[in-house]
Amino acid sequence: MMVHGEAWTLKEFFTYPNEYIYWTIQIVMYPFMTGLVAGAFVLSSLYHVFGVKQLKGIARFSLVFSFALLPVAMLPLMLHLQQPLRGIEVMLTPHFTSAIAAFGIVFTTYGMIVASELWFVYRKHFVETALSLKEKERRTPGEQFAYLLFSALTMGAYDVSHEALEADERAVKKLAAAGIPVACFLHGYAGFIFGSVKANALWMTPLMPVIFICSAVVSGIALCILTYIITMEIRKALAARRPELPSKEELKSAESQVVVMTSRYLLMFMVAAITLELLDLVFRGYTAVKSWDILRSVIYERDFVNIFVVQYGLGNLVPLVLFLVPGLTIRRAILGTALVLLGVFMMRWNVVIGGQAFSSSFSGFMHYTLPVWPDSIETFKEGLGGALLVAVVPFFLFWILNKVMPVFKETH
């Protein structure tokens, strides 16, 4: 019987017999997906809390997208667990002495906040849809199901007067303000878990939670911009055949304004994230603790391409230049946001996989070979197939949620 981790671990020099790469790409996807959740919510809160009117067009989009990403935040852990049926115990038996158990409390709290905020944002839409379906004397089975669904979503609150809608706006603002620290803690605790591991020299730094939070906001905003552009391009393609949609010129103008304004906030958070990562790197080199020799060989030799070429070069420097050059175009925004997502993903990769690359003996190394073609259910879950599954599911959920909560419809 093969030990967990043996199938994808290659050892070099002196390593202990029980040392393997236990945390694989699913543990890379885990902080990456929770970061997207937090970042998308922070983007929506820039409009709902801070009143940035230019972001109104993407605020509802990012809020619904954050809710679609939320269930997937747990999926990498469930795929990684050897006994996934026990994962629900994190939610059912929460306590305050474990970082993992705290996830159950924060995850549940954040889910309730986002669900409540969405209800207040779309309550008018729920009421109008339920009443319009109610007026139909003969309803098809699909319309009957939609009527029952939207009637249930109204929760009996059919008042859509001006005063009631203003009360909804105030509730949205309060919920969004309360959700910002919860969203940051939802992802920051992942950095806290890594930063508190005293046995691993690469992870043990007090800056780890802050770095994770800043890069989470960056990745969430980048994904929202990229998905927003793709969605708007699809709408422009459908505008000629569907007269109820705005014209192609109107969609193009709205798309450009939203992308340019959102990119400015992406740029600010990128500068903060890059500064913190470089500060952490300089701090490690200056303090030069006992494990610095092995860390230096990992950072500057074995993982040099992953860290300095892919993460800092392609993932940080190139998009920084693309967004700083005046006259941002849609094509440049697509390339820049895609590279930003690559950079944040590689940061997670270098932390999780790179942190396990050296032996506890400080005299050996281990290499992770990503299983591309699975030969068992375990190599599928811990390989490329499992990672792609986690990446695709949020877009499917977003498509379903958009049927109930249309992101481009004016709700208030």
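Biologist: Before we look at H2, what does buried mean here?

Modeller: Buried means under 20% relative accessible area, exposed means over 50%, and partly exposed lies in between, with a 1.4 Å probe and protein chains only. This is a predicted model, where local features need pLDDT of at least 70, side-chain atom pairs count only at pLDDT 80 or more, and totals for chains, interfaces and linings use all residues. Residues are numbered from 1 along each chain as its sequence is written, and side-chain values use heavy atoms, with hydrogens and water left out.

Biologist: OK, which residues of H2 are buried?

Modeller: Among them are Ile58, Phe61, Val64, Phe65 and Leu69. Eleven of the 14 residues of H2 are buried, so the helix is largely enclosed by the rest of the structure.

Biologist: How far does H2 reach?

Modeller: H2 covers residues 56–69 and reaches 20 Å from its first C-alpha to its last. That is close to the 20 Å expected. The expected span is 1.5 Å times one less than the number of residues.

Biologist: Zooming out, how many helices and strands are in the protein chain?

Modeller: There are 14 helices and two strands. Both are DSSP runs numbered from the N terminus: helices are H or I with at least four residues, strands are E with at least two. Of the chain's 412 residues, 52% count as buried.

Biologist: Now the core. Which residues touch the most other members of the largest one?

Modeller: Leu55 and Tyr110, in a nonpolar core of 110 residues. Such a core is a set of buried Ala, Val, Leu, Ile, Met, Phe, Trp, Tyr and Cys residues joined through side-chain atoms within 4.5 Å. Helix H1 (residues 25–48) gives the largest share, 16 residues.

Biologist: What is Leu55 in contact with, leaving aside neighbours within four places in sequence?

Modeller: Its partners include Leu43, Tyr47, Met261 and Tyr265. Contact means heavy atoms within 4.5 Å.

Biologist: New topic. How many cavities of 30 Å³ or more does the search find?

Modeller: Two. A cavity is a set of points on a 1 Å grid over the protein atoms alone, where a 1.4 Å probe fits but cannot get out. The second largest has a volume of about 80 Å³, meaning the space filled by probe spheres set on the points.

Biologist: Which residues line that second largest cavity?

Modeller: Lining residues have an atom within 4 Å of a point. Among them are Ser215, Met270, Gln311, Asn316 and Val340.

Biologist: Is Asn316 buried or exposed?

Modeller: Asn316 is buried, with a relative accessible area of 12%. Asn316 is found in helix H11. Leaving aside neighbours within four places in sequence, Asn316 is in contact with Met270, Ile274, Glu277 and Gln311.

Methods: On a 1 Å grid over the protein atoms alone, a cavity is a set of points where a 1.4 Å probe fits but cannot get out, and a pocket is an open set with protein on both sides within 12 Å along at least five of seven lines; lining residues have an atom within 4 Å of a point.
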